[in-house]
Amino acid sequence: MTPDGRTILAPLPAGIDGHFGPELRRFVLMHYHQGQSPLPRLTARLQSLGVSISKRQVPRLLTDKPDDFLSAAQDVLRAGLATSPDVSADDTGARHAGKNGFCTQIGNDWFTWFGTRSSKSRLNFLALLRAGPIDYGLNDAAYSYMRQHSLPASLIGRLMGEPQSCFADEAAWLAPLDRLGFTTLTVTPDPVRVATEGALWGSVQSHKFLCDAVVLSDDAGPFNVGRHARCWIHAERLVHKLDTFTDQHRAAPARVRGRIWRFYASLKASQRNPTERRSVALRARFDRIFLRRTGFVTLDRLLARLHANKDELLMVLDRPEIPRHTNRSENDIRCYVTRRKISAGTRSDIGRDCRDAFLSLAKTCDKLGIAVWDYLGSRLKVAGHALIEPLDHYVRAKIRPA
């Protein structure tokens, strides 16, 4: 209002919501997600800097208009699944809306993505691998999955006779299963579950995700899909944790562990310089180690069980570019565990999704060598911000910005 009583109105600068601008929101997002600051401490820090803000306004800034960031995290997952030769997966406990759930990590050297759901089943993992879409598909990949998991040929034939091969959502998919009599069968394995897993895998393949990629895990059942490789560290840990009661029992695992680690060193050397001759020799050596009789019955049974996973443990001979362990997943998921210890669980779905998305984007920035501060400034259009392209561009190109 001017001295003569006139009122002058002007639009607020871009990004201003009330009296909080993009600079403040960037500060809050940076310190909460990457700095792992608890909300009370972050509020106290802002107030000590002279910002007039309530303790309820800070979480609003964390979840305000998140669609761009949520879609950016999904784009990163799509780019990683579409272009990566391998991904590793892991999960950890997560509490949401007062109930225990699980957070699943998917990533590799170029990206990381987190998704929190109520289940850690293979159905859940396959649904996450669709990276956003909720469709189900019947195709060659789906039928191959069903055969591999012992769905009777007669039931597969019923599905192949269906005129529809793509289903928009879960309700549209379950309708033909009910009509074809899948839901009335009480056999093992459950036909509905196997068929649904197959249709989910068919959807993943139809979106061109993980077409020739290897999924590396610690041998948890939910992650055993597609071309699967097993972590050597987790495999050896079973021998290390074996209960022993006599000197003979203690000596046998020690000898086996020594052979395993020497074999592991040879496997590592083979990855640096792979040859067919080395591959044949290492496969024969693997058999000698894991088919050996030690006289310790429990150890012999464990070695036989590990030998049954020979193809997964020796996947690195066919694909030398993939890691031998899931250390990167273990490292990635620590930030989520830290967040859980500091702030416990989430209450709203938007709070859960924002936590997953911002942690995913922050870890991906770290792997790409991008400062999270610069990335947030670019996305929020802070004045004078650095020019950062969407992260999925870098993941697809497998380059790190200068």
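**Salt bridges, burial and backbone in a predicted model**

Author: Arg352 forms a salt bridge with Asp349, and their closest N and O atoms lie 3.9 Å apart; this value, like every other one here, was computed from a predicted model.

Reader: What makes the pair of Arg352 and Asp349 a salt bridge?

Author: The closest N and O atoms of Arg352 and Asp349 are 3.9 Å apart, and the cut-off requires a side-chain nitrogen of Lys or Arg within 4 Å of a carboxyl oxygen of Asp or Glu, so the pair of Arg352 and Asp349 qualifies. Both residues belong to helix 17, where they are three residues apart, about one turn of the helix.

Reader: How do you know whether Arg352 is buried or exposed, and what is the class of Asp349?

Author: Arg352 has a relative accessibility of 16%, and since buried means under 20%, Arg352 counts as buried. Asp349 has 47%, which falls between the 20% and 50% limits, and therefore Asp349 is called partly exposed.

Reader: Which residues are joined into one network by salt bridges that share partners?

Author: Asp212, Arg227, Arg319 and Glu321 are linked in this way into one network. In total, the structure holds 19 salt bridges.

Reader: Why can side chains of opposite charge pair, and how far apart are the closest N and O atoms of Glu197 and Arg193?

Author: Such pairing can occur when the charged atoms come close. For Glu197 and Arg193 the closest N and O atoms are 3.1 Å apart, a value within the 4 Å limit, so the pair is called a salt bridge. The two residues are four apart in helix 9 (residues 191-206), which means that about one helical turn separates Glu197 and Arg193. Glu197 is buried at a relative accessible area of 3%, whereas Arg193, at 33%, is partly exposed.

Reader: What makes Asp332 and Lys363 a salt bridge, and where do these two residues lie?

Author: The closest N and O atoms of Asp332 and Lys363 are 4.0 Å apart, and the pair is counted as a salt bridge. Asp332 is in helix 16 (residues 327-343) and Lys363 in helix 17 (residues 349-368), so this salt bridge ties together parts that are 31 residues apart in sequence. Asp332 has a relative accessibility of 3% and therefore counts as buried.

Reader: How many disulfides does a search of the whole structure find, and why does the sulfur of Cys231 not form a bond with the closest cysteine sulfur?

Author: The search finds zero disulfides. The cysteine sulfur closest to that of Cys231 belongs to Cys103 and is 19 Å away, which is too far for a bond, given that a disulfide needs sulfur atoms within 2.5 Å. The sulfur of Cys335 also has its closest cysteine sulfur in Cys103, at 8.3 Å, and this too is too far for a bond. Cys231 is buried at 0% relative accessibility, and Cys335 is buried at 13%.

Reader: Why is Ile333 called buried or exposed, and which residues does Ile333 touch?

Author: Ile333, which lies in helix 16, has a relative accessibility of 6%; buried means under 20%, so Ile333 counts as buried. Residues up to four places away in sequence aside, Ile333 touches Asp90, Asp91, Thr92, Cys103, Gln105 and Phe114. The C-alpha atoms of Ile333 and Thr116 are separated by 12 Å, while the two residues are 217 apart along the chain.

Reader: What is notable about the phi of Ala131, and where does Ala131 lie?

Author: Ala131 has a positive phi of about 55 degrees although it is not a glycine. Ala131 lies in the loop between helix 5 (122-128) and strand 4 (136-137), and its relative accessible area of 1% makes Ala131 buried. Ala344, in the loop between helix 16 and helix 17, also has a positive phi, near 60 degrees, but Ala344 is partly exposed, with a relative accessible area of 47%.

Reader: What kind of peptide bond joins Thr188 and Pro189?

Author: Thr188 and Pro189 are joined by a cis peptide bond, with omega about 0 degrees, and Pro189 has its place in the loop between helix 8 (170-179) and helix 9.

Reader: How many helices and strands does the protein have, and what share of the residues is buried?

Author: The protein has 19 helices and seven strands, and buried residues make up 49% of its 402 residues.

Methods. Residues are numbered from 1 along each chain as its sequence is written. This is a predicted model: local features need pLDDT of at least 70, side-chain atom pairs count only at pLDDT 80 or more; totals for chains, interfaces and linings use all residues. Side-chain values use heavy atoms; hydrogens and water are left out. Buried means under 20% relative accessible area, exposed over 50%, partly exposed in between (1.4 Å probe, protein chains only). Contact means heavy atoms within 4.5 Å.
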